[in-house]
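Trainee: I would like to learn how to read a model of this kind. Where should one begin?

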Amino acid sequence: MAKRTELTVCASCGETVPITLKTPNHALHVVLSILTMGLWLVVYLAAILDSAMNNRFSRKRCPKCNGRL
Ligand SMILES: [Zn+2]
């Protein structure tokens, strides 16, 4: 899993703070999907769903006020 940083506004303090999101390594998954003639697409889809669920439902905290984002 790769990581990507985005800016978001904290609901508690109103500050713009960076958050780290997990994303699949798309280039790697595309290459593996080609090499396995599409069989790897199942794993790729699972990785996409896993990162989406993780990013959506994990309890992220503001680094400045520790409030919930
Ligand atoms: Zn905050």
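The dialogue below goes from confidence to overall form, then to single elements and residues.

Mentor: Begin with confidence, since this is a predicted model. Where pLDDT is low, the predicted coordinates should not be read in detail. Here the mean pLDDT of the protein is 92, and 100% of the residues reach 70 or more.

Trainee: In which element is confidence lowest, and in which is it highest?

Mentor: Strand β1, residues 2-9, has the lowest confidence, with a mean of 90. Helix α1 has the highest, at 97.

Trainee: What does the secondary structure of the protein come to, and what pattern does it follow along the sequence?

Mentor: The count is 2 helices and 2 strands. Read along the sequence, they give the pattern β-β-α-α.

Trainee: How do I read the overall form?

Mentor: Set the radius of gyration against the value for a compact globule with that number of residues. For 69 residues a compact globule would come near 11 Å, but this protein has 16 Å. Then take the box along the principal axes: the C-alpha atoms fill roughly 50 × 20 × 10 Å.

Trainee: What share of the residues is buried?

Mentor: Buried residues make up 1% of the 69. The elements can be checked one by one. In β1, 0 of the 8 residues are buried, so the strand lies largely in the open. Helix α1, residues 26-35, is also largely in the open, because 0 of its 10 residues are buried.

Trainee: What can contacts say about the chain as a whole?

Mentor: Look at how far apart in sequence the partners are. Among contacts between residues at least 6 apart in sequence, 48% join residues at least 24 apart.

Trainee: How do β1 and β2 pair, in the parallel or the antiparallel sense?

Mentor: The sense is antiparallel, and β1 pairs with β2, residues 16-23, over 8 bridges. To follow the register, look for residues that stand opposite each other. V9 faces T16 in β2, and L7 stands opposite P18. The two strands form a hairpin with 6 residues between them. In its turn, G14 has a positive phi of about 80 degrees.

Trainee: Why look at the sign of phi?

Mentor: Because most residues other than glycine have a negative phi, a positive value is worth noting. Two cases can be taken here, M37 and N66. M37 follows α1 and is found in the loop between α1 and α2. The phi of M37 is positive, near 55 degrees, and M37 is not a glycine. N66, in the segment after α2, has a positive phi of about 65 degrees and is not a glycine either.

Trainee: Are M37 and N66 buried or exposed?

Mentor: Count the C-beta atoms around each. M37 is exposed, because 8 other C-beta atoms lie within 10 Å. N66 has 10 such neighbours inside 10 Å and so counts as exposed.

Trainee: Where does I48 lie, and how is its exposure read?

Mentor: I48 lies in helix α2, residues 41-57. With 14 other C-beta atoms within 10 Å, I48 is partly exposed. A distance adds to the picture: I48 and K22 are 26 residues apart along the chain, and their C-alpha atoms are separated by 9.7 Å.

Trainee: What does the segment after α2 show?

Mentor: Take S58 and R61, which are both found in that segment. S58 is exposed, with 12 other C-beta atoms within 10 Å. R61 has 15 within that distance and is therefore partly exposed. S58 and K3 are 55 residues apart in sequence, with 15 Å between their C-alpha atoms. R61 and W40 are 21 residues apart in sequence, and 34 Å apart C-alpha to C-alpha.

Trainee: Which residues is R61 in contact with, leaving aside its neighbours within four places in sequence?

Mentor: Those residues are N66, R68 and L69. N66 is thus a contact of R61 and also one of the residues with a positive phi.

Technical notes: Residues are numbered from 1 along each chain as its sequence is written. This is a predicted model: local features need pLDDT of at least 70, side-chain atom pairs count only at pLDDT 80 or more; totals for chains, interfaces and linings use all residues. Helices (H or I, at least four residues) and strands (E, at least two) are DSSP runs, numbered from the N terminus. A residue is buried if 20 or more other C-beta atoms lie within 10 Å of its own, exposed if 12 or fewer, and partly exposed in between; C-beta atoms are placed from the backbone. The radius of gyration is taken over C-alpha atoms; the globule rule is 2.2 Å times the number of residues to the power 0.38. Two residues are in contact if their C-beta atoms, placed from the backbone, lie within 7 Å. pLDDT is the predictor's confidence in each residue, from 0 to 100. Two strands pair if DSSP finds at least two bridges between them.
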